Amino acid sequence: MKTAQTTKQGTSQMKRTKSVKAFAFILLCLSIALIGACGNKEQNKQMEPEQVEQKQNNGNREPQASSNENSETQSLNNEDSKTDSNNTEPVSEASSFPKTLDVQGEQVTIEKKPGRVAALSLDAAEAVLELSGASQLAAIPKSSTNSALAFQAEEAAKVEHQIASATSLDPEEVMSFNSDLLLMTKVHTAEQDADQLLKQAGIPIISLTAWNTMENLWNNYELIGNAIGAEEKAAQVIEDMKAKADHVQMKVDGAKKPSVMVISPLGPGTGPYFIGSSNISYDIVKRAGAEHSADTLGLTRVTKASVEQIIQADPDNIILIQWQEGDTKDLEEVTNTPGWETLQAVKNDRIKLMTVKELFYPNRYNADSLEEIAKWLHPDRY
């Protein structure tokens with residue numbers, strides 16, 4: 001009996017020994033597996049995002065289209081990082097989204113690069129068309145498609161929705177465009193009211209108030225470029241305009257300043273108006289090396305023109321703005337009135353015809369108009 005008991009105890013001990021060994025073997029395997037996993041994880045950390053994704057998928061599918069987002073994130077985290085994960089195309093830090101812009105003291109956050117922009121004013125629409133074309137626009141004013149008013153009319157015709165002017169905006173119609181960014185210039189009461197209603201909708205809105213100087217024009221192009229992710233193109237356009245303005249300044253510096261009066265209709269059939277200092281044409285004329293007759297008459301805003309006031313100012317030069325090129329009917333109210341022929345500008349053949357889009361409406365080509373007027377006023381400097 002004692003021998004049988006001893007044998008039984010030995011057998012039990014052998015079983016326990018085998019169990020311990022088996023357990024130890026399992027622990028060893030788990031440890032090896034954990035070490036391998038950590039190694040793979042560490043290796044993945046050192047790889048580019050696209051490479052990690054390809055490794056996880058064993059190369060059985062193409063990389064997802066998130067590499068650009070990864071590149072932009074890396075660009076934000078590292079000031080020196082200027083290329084995407086493939087090191088092929090440069091990535092601009094400024095073009096990364098989300099971004100928060102300061103719009104006249106108000107912070108406007110744009111979560112992602114806008115794909116559907118509603119530019120509700122002609123000046124803003126011209127800027128977007130110039131910087132990125134029609135593909136990024138969901139809506140523009142109908143006036144943007146009028147070649148007499150806009151330089152980008154042909155491109156504007158490609159935009160899906162064309163609305164009435166900003167002075168008669170319908171906020172509900174604007175909301176129906178499913179835009180992810182709104183751009184508008186709020187000058188009139190109707191525009192300001194629409195601006196308040198649209199802000200309540202939660203769509204980012206860039207509200208512009210001033211395009212009345214070349215400096216403000218440059219600032220607005222820079223702001224719009226930042227908002228739509230076209231910073232580089234905006235910078236190029238601004239650089240070109242500033243170069244032309246600087247060249248004009250150099251040419252006319254020290255020259256005698258003749259007086260210039262600007263007369264324009266405000267729309268078809270409105271008749272002629274004096275254009276004052278609130279319009280960009282005032283700054284252009286001043287930069288071209290002239291004195292503006294609006295200062296002589298004390299005009300800051302557009303005012304109905306009369307021959308009596310023109311005779312009173314008797315400017316050296318007069319610029320007549322045509323609403324439609326070649327159509328002077330809206331100006332005949334003064335040009336066909338007795339007394340017009342007595343003006344020294346008329347006697348000396350110092351009348352210049354220009355179009356609305358060249359001088360009255362703000363756009364990048366105002367710099368070309370500046371050069372043109374400077375050459376007309378100061379031919380001896382060119």
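Where is the place of proline 98? Proline 98 sits in the loop between α3 (67–77) and β1 (99–103). The model discussed here is predicted.

## The chain as a whole

The protein chain has 382 residues, of which 43% count as buried. Its secondary structure comes to 16 helices and 13 strands. Among contacts between residues at least 6 apart in sequence, 62% join residues that are at least 24 apart.

## Backbone details in the loops

Two backbone features help in reading this part: most residues other than glycine have a negative phi, and most peptide bonds are trans. The peptide bond from phenylalanine 97 to proline 98 is cis, and its omega is near 0°.

Glutamine 104 is not a glycine, yet its phi is positive, about 50°. This residue belongs to the loop between β1 and β2 (106–110). Glutamine 104 counts as exposed because its relative accessibility is 52%, and the cut-off for exposed is over 50%.

Aspartate 349 is not a glycine either, and has a positive phi of about 55°. Aspartate 349 lies in the loop between α14 (344–347) and β13 (351–355). With a relative accessibility of 63%, aspartate 349 counts as exposed.

Two glycines with a positive phi come after helices. Glycine 133 follows α4, with a phi near 85°. Glycine 289 comes just after α10, with a phi of about 90°.

The table lists these four residues.

| Residue | Phi | Place |
|---|---|---|
| Glutamine 104 | about 50° | loop between β1 and β2 |
| Glycine 133 | near 85° | after α4 |
| Glycine 289 | about 90° | just after α10 |
| Aspartate 349 | about 55° | loop between α14 and β13 |

## Helix α4 and what covers it

Helix α4 covers residues 122–132 and is mostly covered itself, with 10 of its 11 residues buried. Among the buried residues are Leu122, Ala124, Ala125, Ala127, Val128, Leu129 and Leu131. Asp123, Glu126 and Glu130 of α4 are buried too.

Which elements cover the buried residues of α4? The cover includes the strands β3 (117–119), β4 (137–141) and β6 (181–185). It also includes the helices α5 (153–156), α8 and α9.

## Helix α8 and its two partners

Two packed helices are described by the angle between their axes and the distance between the axes. Helix α8, made of residues 214–228, packs against α9 at an angle of about 170°, with the axes 8 Å apart. An angle over 145 degrees counts as roughly antiparallel, so α8 and α9 are roughly antiparallel to each other. Their crossing is right-handed.

On the α8 side, the residues that meet α9 are Leu217, Trp218, Tyr221, Glu222, Gly225 and Asn226. On the α9 side they are Glu231, Ala234, Val237, Ile238, Met241, Lys242 and Ala245. Sorted by class, this contact has eight nonpolar, two polar and three charged residues.

One of the charged residues, glutamate 231, is found in helix α9, which covers residues 231–252. Is glutamate 231 buried or exposed? Its relative accessibility is 12%, so glutamate 231 counts as buried. The side chain of glutamate 231 makes a polar contact of 2.7 Å with the side chain of lysine 99.

The second partner of α8 is α10. These two helices pack at an angle of about 120°, and their axes are 9 Å apart. At this angle α8 and α10 are therefore oblique to each other. From α8 the contact takes in Met214, Glu215, Leu217 and Trp218, and from α10 it takes in Ile280, Asp283, Ile284 and Arg287. By class, there are five nonpolar, no polar and three charged residues in the contact of α8 with α10. Leu217 and Trp218 of α8 appear in the contact with α9 and also in the contact with α10.

## Helix α10 and serine 293

Helix α10 consists of residues 280–287 and is mostly covered, as six of its eight residues are buried. These are Ile280, Ser281, Tyr282, Asp283, Ile284 and Val285.

Tyrosine 282 and serine 293 are 11 residues apart along the chain, and their C-alpha atoms are separated by 9.4 Å. Serine 293 lies in helix α11 (residues 293–297). Serine 293 counts as buried because its relative accessibility is 3%. Leaving aside residues up to four places away in sequence, serine 293 touches Ser259, Val260, Met261 and Pro315.

Terms used
Residues are numbered from 1 along each chain as its sequence is written. This is a predicted model: local features need pLDDT of at least 70, side-chain atom pairs count only at pLDDT 80 or more; totals for chains, interfaces and linings use all residues. Side-chain values use heavy atoms; hydrogens and water are left out. Buried means under 20% relative accessible area, exposed over 50%, partly exposed in between (1.4 Å probe, protein chains only). Helices (H or I, at least four residues) and strands (E, at least two) are DSSP runs, numbered from the N terminus. A polar contact is a pair of N or O atoms within 3.5 Å; within protein, one must be able to donate a hydrogen and the other to accept it, and residues adjacent in sequence count only if both atoms are side-chain atoms. Axes are lines fitted to C-alpha atoms, for helices over the stretch in contact, and angles run from 0 to 180 degrees between N-to-C directions. Angles under 35 degrees count as roughly parallel, over 145 as roughly antiparallel, 65 to 115 as roughly perpendicular and the rest as oblique. A crossing is left-handed if the near helix is turned anticlockwise from the far one by less than a right angle, and right-handed if clockwise. Contact means heavy atoms within 4.5 Å. Ala, Val, Leu, Ile, Met, Phe, Trp, Tyr, Cys and Pro count as nonpolar, Asp, Glu, Lys and Arg as charged, and the others, Gly among them, as polar.
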